[in-house]
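Open the model in your viewer and keep the selection tool at hand. We will walk from one spot to the next, with a short note on what is there.

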Amino acid sequence: MKDELMSYRCNAEMDKKTLDFLSDIPSSWPFLSRLFAFLLGSAMTLVFAPTELYLLAPFLILPILFLALVATPRESASHFFYFGFGLFITGTYWIYISVHIYGEAAPWIAIILMTGLSLLMASFMWLAGWIISTLSLGNSWRIFFIGPSVWVLIEWLRGWMFTGFPWFSQGYGQIDSALSGWAPIFGVYGVSMMLLFSASAILTSMVMTGKNRIAAVMLIFLPWILGSFLNLVKWTEAYGEPIRSTIIQGGFSQDKKWLPDQRQSILKFYRDATLSKPESELIVWPEVAIPSLQDQNINFLNQIHHDAKLNNQTVLVGILEREVKSNLSPKIYNSVLMIGDSEYQVYRKRHLVPFGEYFPVPNSVREWMRLRNLPFSDLSAGTEKQSLLKMANGINLSVAICWEDAFGAEQLNAFPHADILINVSNDGWFGDSIAPHQHLQIARMRALEVGRYSIRSTNTGISAFIDPIGNVIKLGNQFKPVIMSTDVYAHRGNTIYASYGNWMILGICFLIISIFGLSAFKKKS
């Protein structure tokens, strides 16, 4: 295979002696080269929130793409695996905090879950490395097209397989760069693709000469230049009067929130905070703001409903909702109740968190978990198609609970009818880690993709108001009570992404891979 690939290396424009040396590095120094790939992936965490060093991204991707150019598919896949493992093991250490510190599971269980997820995600990168190397045939212009297409396709694949884990899609790290201008057209995966095109063009410019190098250098900057112009496009428009909105963040730590002696103080805080903002039309509480079931708080909820009606307010309350039907076991949903209008409206979370809200394990394992006082009960998922929550003034609200907002395509059925995005979350599970910052970055991308204001209310932070171009216009402090208000506007119209979702970018990826895959097959035959 190596001899076969060498015949296509870099259009024969790279010095053969240099090429031979670079090609031998993975096999001659296997430990060091894989350690280097691991460190590159670990450094990639710096591209994302809270550090947001987005200009590092193309230069961290460049070496791993270069390996795919000069190494065999097997060697390339191995190095991509270590790159992915470095990224996910350093970028998702907050799983340990969630499972052990707040979930009170044994440390070894938390380590197994964190490491297992990282290995699974790294396996997707292994596949990307193998395909890129196989189809590129050592040709720099081929890898310019193949690298971004395969990388993005694998990002999308890991975003839905095995319930999906779309964290660390490269596009999220570019929310503040010029490349974000592509989001209203192609979504977060389109931003990823433009970043990969730029990194691939750097690689191509390094190994080419003459006019080919000049063309490659121009292609480095083209996605950024076009993205800057696209950022000037107004995809949706505001309509109607400003809507005075308030976020209420309790700031109650996860380890104390569910203590029985805290319940009354929590209820009092949320009611008093709501009453302190009579001028607000819309008030948003966090995910499961009330630490008990809905049917255990009927009187309290009726009081909030009465107060809201007096002030002509809409209040969104995060709470666990219990549904009991005769002859059936009760179902418990993670819900958002809309109260203050003539009747309650409800949104039930559809995309649950594995090993957090449900446990995909056999009954024997579930019994073992019960005997060791570990969480073992499942929440129920809401139906796929649910009506938008409609305020008395006709404003439609699209609600996502917690990590549902990481799955942008799942929310597109709400458009163009949805006027405002609502995200309620509880990032208190992750303590003072990078996870809440990453989650806010994801929420910003969702607002930019569809051109809508987003109101994000969390239990301990980071709560924020986000404008239709993804900018944070008001931010709450973490781990403290927050009551903050601002005016938001309903928006109408559709971005291209809101109309077509991921199909456009996936179609481009499949087309490129098909063309170059057929070409590679013909060359080998």
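Start by selecting Val284 and Leu316: Val284 stands opposite Leu316 of β3. Add Leu282, which stands opposite Thr314 in β3. This is a predicted model, where local features need pLDDT of at least 70 and side-chain atom pairs count only at pLDDT 80 or more, while totals for chains, interfaces and linings use all residues. Residues are numbered from 1 along each chain as its sequence is written, and side-chain values use heavy atoms, leaving out hydrogens and water.

Now widen the selection to the two strands. β2 (residues 282-284) and β3 (residues 314-323) run parallel and are joined by 3 bridges. Strands here are DSSP runs of E with at least two residues, helices are runs of H or I with at least four, and both are numbered from the N terminus. Two strands pair if DSSP finds at least two bridges between them.

Go back to Leu316, which also stands opposite Met338 in β4. β3 and β4 pair in the antiparallel sense, over 9 bridges. Is β3 enclosed or open to the outside? Of its 10 residues 8 are buried, so β3 is largely enclosed by the rest of the structure. Buried means under 20% relative accessible area, with a 1.4 Å probe and protein chains only.

Next, show the whole sheet. It is open, with 6 strands in the order β5-β4-β3-β2-β1-β12 and mixed pairing. At the edges stand β5 (345-348) and β12 (482-492), each with a single partner strand, so one side of each has no neighbour in the sheet. From one strand to the next, the twist averages 35°.

Then bring in two helices. Select residues 263-275: this is helix α12, which lies across β1 (237-249), β2, β3 and β12 and runs at about 145° to β1. Residues 298-310 form helix α13, lying across β3 and β4 (331-339) at about 20° to β4. Angles run from 0 to 180 degrees between N-to-C directions, using axes fitted to C-alpha atoms, for helices over the stretch in contact. Contact means heavy atoms within 4.5 Å.

For the last stop, select helix α6 (residues 94-102) and helix α7 (residues 107-136), whose axes come within 8 Å and cross at roughly 150°. α6 and α7 are therefore roughly antiparallel to each other, a term used for angles over 145 degrees. Show side chains: in α6, Ile95, Tyr96, Val99 and His100 meet residues of α7 including Pro107, Ile111 and Leu117.

Definitions and conventions
Angles under 35 degrees count as roughly parallel, over 145 as roughly antiparallel, 65 to 115 as roughly perpendicular and the rest as oblique. Buried means under 20% relative accessible area, exposed over 50%, partly exposed in between (1.4 Å probe, protein chains only).
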